[in-house]
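Please walk through the structure below with the text beside it. The paragraphs start from a single residue and then widen to the helices and the core.

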Amino acid sequence: MQQVQLRSRLAGEVLRALFDWQRARLAVADPSLDDAEHVEAVIREAEATAMLDVLTGGWFSSWLGEGG
């Protein structure tokens, strides 16, 4: 039972980080952002990528490198 709860919590963390990454990517591509907002979006994308790497044991960056 505890194992199932841990996996469920991990899945929730991965999904949150994935949606954070997706929102940040959309913001990075938004031409209406000023310079400060664009920099903030780039930082949020990097943070989300790092979190996804931690949560997936490096799989996420590997997937990105393959054209994900």
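In which helix is Leu55 found? Leu55 belongs to helix α2, which covers residues 35-56. The model is a predicted one, and the description that follows refers to that prediction.

Leu55 has a relative accessible area of 17%, and it is therefore buried, the limit for that class being under 20%. Which residues does Leu55 touch, once residues up to four places away in sequence are not counted? They are Leu10, Glu13, Val14 and Ala17. For one of these, Val14, the C-alpha atom is separated from that of Leu55 by 6.5 Å, although the two residues are 41 apart along the chain. Ala11 can be placed against Leu55 in a similar way: the C-alpha atoms of Ala11 and Leu55 are separated by 9.1 Å, with their positions 44 residues apart along the chain. Ala11 is found in helix α1 and counts as partly exposed, at 39% relative accessibility.

The two helices can now be considered as a pair. Helix α1 comprises residues 2-28, and its axis comes within 8 Å of the axis of α2. The axes cross at roughly 155°. Because an angle over 145 degrees counts as roughly antiparallel, α1 and α2 are assigned to that class. The crossing in which α1 passes α2 is left-handed. On the α1 side, the contact is made by Leu10, Glu13, Val14, Ala17, Leu18, Asp20, Trp21, Ala24, Arg25, Ala27 and Val28. On the α2 side, it is made by His38, Ala41, Val42, Arg44, Glu45, Ala48, Thr49, Met51, Leu52 and Leu55.

Which residues make up the largest nonpolar core? There are six in all: Ala17, Trp21, Ala48, Leu52, Leu55 and Phe60. Both α1 and α2 supply at least two residues of this core, and α2 gives the most, with three.

Two residues show how contacts extend from the helices to later parts of the chain. With neighbours within four places in sequence left aside, Trp21 is in contact with Glu45, Ala48, Thr49, Leu52, Phe60, Trp63 and Leu64. Thr49 lies in helix α2 and is buried, with a relative accessible area of 15%. Under the same exclusion of neighbours within four places, the contacts of Thr49 are Trp21, Phe60, Ser61 and Leu64. Trp21, Phe60 and Leu64 are thus among the residues that Thr49 contacts, and Phe60 and Leu64 are likewise among those in contact with Trp21.

The last topic is charge pairing. Side chains of opposite charge can pair when their charged atoms come close. How many salt bridges does a search of the whole structure find? The search finds one. Arg23 forms a salt bridge with Asp20, and their closest N and O atoms are 2.6 Å apart. Why are these two residues separated by about one helical turn? Arg23 and Asp20 are three residues apart in helix α1, which accounts for that separation. Asp20, which lies in helix α1, counts as partly exposed, at 40% relative accessibility. Asp20 also appears in the contact between α1 and α2. Its C-alpha atom is separated by 9.9 Å from that of Leu52, a residue 32 positions away along the chain.

Technical notes
Residues numbered from 1 in each chain as written. Predicted model: local features only at pLDDT ≥ 70, side-chain atom pairs only at ≥ 80, totals over all residues. Heavy atoms only, no water. Salt bridge = Lys/Arg side-chain N within 4 Å of Asp/Glu carboxyl O. Helix = DSSP H or I, 4+ residues; strand = E, 2+ residues; numbered from the N terminus. Buried < 20%, exposed > 50% of the residue type's maximum accessible area, 1.4 Å probe, protein only. Contact = heavy atoms within 4.5 Å. Core = buried A, V, L, I, M, F, W, Y, C linked by side-chain atoms within 4.5 Å. Axes fitted to C-alpha atoms, helices over the stretch in contact; angles between N-to-C directions. Parallel < 35°, antiparallel > 145°, perpendicular 65-115°, else oblique. Left-handed = near helix turned anticlockwise from the far one by under 90°.
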